[in-house]
Amino acid sequence: MIRKLIVLAGCLFLFGQSIGTALATPLTEQQVERYLNSMPEAQALSAKHDDGKRKKIDRTRPLASGIELMEKAGPAYEDLGNLAKAHGFSSPEEWADVGDRVMNGYVILSSKLTLAEVEQGYQQGIANVNKDPKLSEASKRAVLAGMEKGHARNVALRQNAEQDLPALAPHRAALEEKFGR
């Protein structure tokens, strides 16, 4: 029963993500370039406004969720608004959305794995967990549930980033320089 609920939740998540992707306009090369050009200033602002406290942000959209925590107020939000406008964005929220999409797209662009290879690895992982004699049935279910959630997140990330890859590809060298491993 729990597994069915997890599968249903995963399907609903992916459905929601695919609708969001279908409604989103693909990034342009100019948006990517403007975001990359803003990064040094954004890093300086981050250092300026760092209070040393950990914040609960969404790791799939760290910039946008960080800005949401600002609640459209305060000196950091004001500084980001100025940065966004200076680089041709209408708001800190637009700047953050583009930045999150650039970062997520870079992960996919730089990945050496196809979606089919990701799926194959996931299926192999399931098989490995199921045949592991050291794991109890309850442990296997827990591990598989976590794997399923992570896999759904990875597939959604890939699907969402797919439309932005053409705008990112011409900036591959700059992306490597900024985000390279």
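## Helix H4

In this predicted model, helix H4 covers residues 75-86. At 1.5 Å a residue, its 12 residues should span 16 Å, and the end C-alpha atoms are indeed 16 Å apart, so the expected and modelled lengths agree. Just after H4, Gly 88 adopts a positive phi of about 85°.

The buried residues of H4 are Ala 76, Tyr 77, Asp 79, Leu 80, Gly 81, Leu 83 and Ala 84. An α-helix has 3.6 residues a turn, so residues three or four places apart point the same way. The buried residues of H4 pack against three helices: H2 (29-49), H3 (62-70) and H5 (92-110).

## Helix H3 and the loop to H4

In helix H3, the buried residues are Ala 64, Ser 65, Gly 66 and Ile 67. These buried residues pack against H4 and H5. H3 is followed by Glu 71, which has a positive phi near 55°.

Glu 71 is located in the loop between H3 and H4, and Lys 72 is found in that loop as well. Most residues other than glycine have a negative phi. For Glu 71, however, phi is near 55°, a positive value in a residue other than glycine. Lys 72 likewise has a positive phi, near 55°, and is not a glycine. Because its relative accessible area is 68%, over the 50% cut-off, Glu 71 is classed as exposed. Lys 72, with a relative accessible area of 60%, is exposed too.

## Packing of H3 against H5

Two packed helices are described by the angle between their axes and the distance between the axes. For H3 and H5, the axes come within 7 Å and cross at roughly 150°. The two helices are therefore roughly antiparallel to each other, as the angle lies over 145 degrees.

On the H3 side, the contact involves Pro 62, Leu 63, Ala 64 and Ile 67. These residues meet Pro 92, Glu 93, Trp 95, Ala 96, Gly 99, Asp 100 and Met 103 in H5. By class, the residues of this contact divide into 8 nonpolar, 1 polar and 2 charged. Ala 64 and Ile 67 are also among the buried residues of H3.

## The loop before H5

Ser 91 lies in the loop between H4 and H5. With a relative accessibility of 18%, Ser 91 counts as buried, because the cut-off for that class is under 20%. The side chain of Ser 91 reaches the backbone nitrogen of Glu 94 at 3.0 Å.

## Packing of H5 against H7

H5 also makes a contact with helix H7, which comprises residues 137-162. The axes of H5 and H7 come within 9 Å and cross at roughly 100°. This angle falls in the range of 65 to 115 degrees, so H5 and H7 are roughly perpendicular to each other.

From H5, the residues Asn 104, Gly 105, Val 107 and Ile 108 take part in the contact. Their partners in H7 are Leu 157, Arg 158 and Ala 161. The contact of H5 with H7 has 4 nonpolar, 2 polar and 1 charged residues.

## Pairs separated along the chain

Ala 127 is found in helix H6, residues 115-131. With 33% relative accessibility, Ala 127 counts as partly exposed. Its C-alpha atom is separated by 9.9 Å from that of Leu 144, and the two residues are 17 residues apart along the chain.

Ala 169 lies in the loop between helix H8 (165-168) and helix H9 (172-179). Ala 169 has a relative accessible area of 41% and is partly exposed. The C-alpha atoms of Ala 169 and Glu 29 are separated by 8.7 Å, with their positions 140 residues apart along the chain.

## Overall architecture

The secondary structure of the protein comes to 9 helices and 0 strands. From the N terminus on, the elements accordingly run α-α-α-α-α-α-α-α-α.

Of the 181 residues in the protein, 34% are buried. Among contacts between residues at least 6 apart in sequence, 79% join residues at least 24 apart.

Notes
Residues numbered from 1 in each chain as written. Predicted model: local features only at pLDDT ≥ 70, side-chain atom pairs only at ≥ 80, totals over all residues. Heavy atoms only, no water. Helix = DSSP H or I, 4+ residues; strand = E, 2+ residues; numbered from the N terminus. Expected span 1.5 Å × (residues − 1). Buried < 20%, exposed > 50% of the residue type's maximum accessible area, 1.4 Å probe, protein only. Contact = heavy atoms within 4.5 Å. Axes fitted to C-alpha atoms, helices over the stretch in contact; angles between N-to-C directions. Parallel < 35°, antiparallel > 145°, perpendicular 65-115°, else oblique. Nonpolar A, V, L, I, M, F, W, Y, C, P; charged D, E, K, R; others polar. Polar contact = N/O pair within 3.5 Å; in protein donor to acceptor, adjacent residues only side chain to side chain.
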